[in-house]
Amino acid sequence: MTQALPEVPVPAPQITVTPSAVIARLRAAGCVFAEEEAELILSSARSAAEAAGMVERRAAGLPLEHVLGWAEFCGRRMVVEPGVFVPRRRTEFLVERAAHLCPPTNRTPIVIDLCCGSGALGVALAEARGRIDLHAADLDPVAVRCARHNVGAVGGQVYQGDLFRPLPATLRGRVDILLANVPYVPSAEVALLPAEARVHEPRLALDGGADGLDVLRRVAAEAPAWLAPDGHLLFETGEHQVRVAVAIVADAGLVPTVARCAERYATVVTGTRPARRGLSLPGVDAAAAG
Ligand SMILES: C[S@@+](CC[C@H](N)C(=O)[O-])C[C@H]1O[C@@H](n2cnc3c(N)ncnc32)[C@H](O)[C@@H]1O
């Protein structure tokens with residue numbers, strides 16, 4: 001289910017559109033990086049009226065990326081409409097891990113980007129890795145619309161529905177990389193998030209249930225049936241959630257590893273489907289063979 005986001009009132013433009021006036025307006029509205037934001041707005045707007053409207057939307061609290069209509073991720077501009085989750089820079093670490101784990105280039109790796117939001121992760125992996133067979137899915141129609149734009153540009157497919165449900169069954173047992181940056185904020189902590197997330201991103205994109213790991217539990221339970229032998233599930237988690245997240249992955253029959261990037265405050269857990277005979281998972285090898 002998707003949730004309606006609150007309407008953001010857009011006051012009539014009140015400013016003269018000079019760089020100094022824009023900086024002053026943004027600073028007065030509490031934007032810490034007023035100079036940088038002013039430059040981005042002024043270089044993105046196609047007219048003075050459009051710039052003035054963008055400044056007022058930003059001053060009213062809309063995330064900068066929603067005002068601009070794009071977010072930078074792994075050096076590429078991803079389309080982000082208001083109401084879609086803005087890809088975080090720390091998540092670039094997850095993409096780097098995935099690029100590192102992608103199998104060698106003698107065949108096209110199959111990649112699923114589950115809970116894809118704008119589709120930024122799969123697109124960035126396609127850019128980093130070269131040719132991939134990319135399939136992205138999300139439940140939220142706004143996310144799916146953005147993802148169709150971004151993922152379509154690198155030749156991928158986008159589906160709408162609950163987790164794995166909309167994906168083609170032909171992918172079962174064949175997936176090399178399963179990206180799953182699922183919601184992982186504990187329900188009680190959603191209210192503590194900055195307003196840009198709490199007010200302007202859908203709760204569906206943030207709320208991971210009581211301990212933040214409910215969506216992950218569902219993904220991990222189904223992941224072995226979709227992964228190829230030696231395929232990898234990758235997801236981000238909070239540092240305080242790592243112990244439980246690792247146990248969830250291991251209980252699903254995947255081999256967990258944890259990687260951290262201190263600079264970006266990012267923690268990525270990988271669950272790898274064992275390839276060795278004798279470690280096959282119930283119901284998985286049959287799917288892979290079919
Ligand atoms: C934290 S956001 C991440 C989006 C994107 N992967 C990224 O990192 O920019 C989580 C996404 O999961 C989607 N989502 C939540 N529950 C879902 C479900 N049951 N099935 C499919 N998508 C879901 C939300 O709509 C949201 O786009």
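A salt bridge is a side-chain nitrogen of Lys or Arg within 4 Å of a carboxyl oxygen of Asp or Glu. With that in mind, we can walk through this structure, which is a predicted model, and begin with the pair formed by Glu-239 and Arg-260, whose side chains meet in a salt bridge with a distance of 2.8 Å from N to O. This pair links distant parts of the chain, since Glu-239 sits in the loop between β7 (227-236) and α10 (242-251), while Arg-260 belongs to strand β8 (residues 255-261), 21 residues apart. Glu-239 has a relative accessible area of 44%, so it counts as partly exposed, and Arg-260, with a relative accessibility of 48%, is partly exposed as well.

The structure holds 18 salt bridges, and a second one to look for joins the side chains of Asp-176 and Arg-107, where the distance from N to O is 2.7 Å. Here, too, distant parts of the chain are linked, for Asp-176 lies in strand β6 (residues 175-180) and Arg-107 in the loop between α5 (92-101) and β3 (110-114), 69 residues apart. Are these two residues buried or partly exposed? Asp-176 has a relative accessibility of 6%, and because buried means under 20% relative accessible area, Asp-176 counts as buried. Arg-107, by contrast, has a relative accessible area of 43% and is therefore partly exposed.

A third salt bridge is found between the side chains of Glu-35 and Arg-27, with 2.3 Å from N to O. In this pair Glu-35 is partly exposed, its relative accessible area being 38%, and Arg-27 is likewise partly exposed, at 46% relative accessibility. Salt bridges can also be followed through a group of residues in this model, as Glu-37, Arg-58 and Glu-196 are linked in a network of them.

From these charged pairs we can turn to a helix and ask how many of the residues in α6 are buried. Helix α6, which spans residues 120-129, is mostly covered, with eight of its 10 residues buried. Among the buried residues are Ala-120, Leu-121, Gly-122 and Val-123, and reading further along the helix one also meets Ala-124, Leu-125, Ala-126 and Arg-129 as buried residues. Just after α6 comes Gly-130, a residue that takes a positive phi of about 85°.

Definitions and conventions:
Residues numbered from 1 in each chain as written. Predicted model: local features only at pLDDT ≥ 70, side-chain atom pairs only at ≥ 80, totals over all residues. Heavy atoms only, no water. Buried < 20%, exposed > 50% of the residue type's maximum accessible area, 1.4 Å probe, protein only. Helix = DSSP H or I, 4+ residues; strand = E, 2+ residues; numbered from the N terminus.
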